[in-house]
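Notebook open, coffee poured. I want to look through this model one piece at a time and jot down what turns up.

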Amino acid sequence: MFTGASQFALVSVADNPAAGAASAIILGTRNAMYGLRLTPLLRVRGIRKAAAAQLVLDESTAMAIGQSTDDDGRVGFWTTGIAVFVFWNLATLVGALGADALSNPEDFGLDAAAPAAFIALLAPRMRGREPWAVAVAAGAVALMVTPFVPAGVPILLAALGAVAAGLRGRS
Amino acid sequence: MWAAILGASLGCYALKLAGLSVPARVLADTRVERIGNLLPIALLSAFIAVQTFTVDDQLELSARVVGAGVAVFAVWRRAPFLVVILAAMGTTALVRAIV
């Protein structure tokens, strides 16, 4: 799994692996949307397509579609994708090895890292009134049901609400 | 746990591959596009709310709330990703050490 938000999602509901996996996959749906925009640009087939797919990310997509020519876009996609792939996984390895060295992670505020990361990931999407309405509603619903349902379920309920909002509205 | 990791990994990769393979008109449907835009917003927001304001499935105001507040401020000031996370962690740790 090489998609940061999904990794964080799975880890944060580790109490309920099935719900964690479901939210990780739902968060991954945006990569399919990115793929749509990238297909005419990349024009890849076979093994190169299999490799390109793993590098479809927020970062590589942004760098690819931000360029003025298709050639620059392809360079942006591959260099950004490979660079993020290498350094993200190296840093993950360092984190996994280093975690044992911490006696009590909460003393370092490690439990605040995931919400902070999500806040940073959410911020660029908050343009216009609808994203704010959806975000506030999702947060409120999740908090209200948390004491009464198993871990992970509040997140899935919030996602269902977004699907309903998406089906109902027109753009 | 490992089944969940493996299943979610395969699912996430399959979605990426599908995006590069599916005929554009299927995903270009406006409703699919709208849901694709709104889903990450709802999920991320729900995660932020739950992780910030609950401890062990109960609503609770912990040091994390202060850390998340600092993260919001840092994002608003356009701080880099790593700075946002370190600021939130540092603040949370500091509040815990003092209180």
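Before anything else, a term I need for placing loops: helices (H or I, at least four residues) and strands (E, at least two) are DSSP runs, numbered from the N terminus. I also remind myself that this is a predicted model.

**Entry: a loop in chain B**

I looked up B:Arg78 and found it in the loop between helix 4 and helix 5 of chain B. B:Arg78 has a positive phi of about 60 degrees, although it is not a glycine. That caught my eye, since most residues other than glycine have a negative phi. Is B:Arg78 buried or exposed? I counted 9 other C-beta atoms within 10 Å of B:Arg78, so it is exposed; the cut-off for that is 12 or fewer.

**Entry: helix 1 of chain B**

Next I checked the length. Helix 1 of chain B has 20 residues and reaches 28 Å from its first C-alpha to its last, close to the 28 Å expected at 1.5 Å a residue.

Which residues of this helix are buried? My list for helix 1 of chain B reads B:Ala8, B:Ser9, B:Cys12, B:Leu15, B:Lys16, B:Gly19 and B:Leu20. Looking down the axis of helix 1 of chain B, I see its buried residues fall within an arc of 140 degrees, so they line one face of the helix. The spacing in the list fits a general rule: an α-helix has 3.6 residues a turn, so residues three or four places apart point the same way. On the other side of helix 1 of chain B, I noted B:Trp2, B:Ala3 and B:Leu6 as exposed.

What do the buried residues of helix 1 of chain B pack against? I traced them to helix 1 (4–12), helix 2 (17–42) and helix 3 (46–54) of chain A.

**Entry: where the chains touch**

I then went over the whole contact: 59 residues of chain B are in contact with 73 residues of chain A. On the chain B side, helix 3 gives the most, with 21 residues. By type, the residues on that side divide into 38 nonpolar, 15 polar and 6 charged.

**Entry: helix 2 of chain A**

Last stop. Helix 2 of chain A has 26 residues and spans 35 Å from its first C-alpha to its last, close to the 38 Å expected at 1.5 Å a residue. I found a kink of about 30 degrees at A:Leu36 in this helix, shortly before the proline A:Pro40. Helix 2 of chain A is mostly covered, with 20 of its 26 residues buried. After helix 2 of chain A comes A:Arg43, and I noted its positive phi, near 50 degrees.

Note on methods. Residues numbered from 1 in each chain as written. Chains lettered and ligands numbered in written order. Predicted model: local features only at pLDDT ≥ 70, side-chain atom pairs only at ≥ 80, totals over all residues. Contact = placed C-beta atoms within 7 Å. Nonpolar A, V, L, I, M, F, W, Y, C, P; charged D, E, K, R; others polar. Expected span 1.5 Å × (residues − 1). Arc of directions from axis to C-beta. Bend = angle between axes of the 7 residues up to and from the residue.
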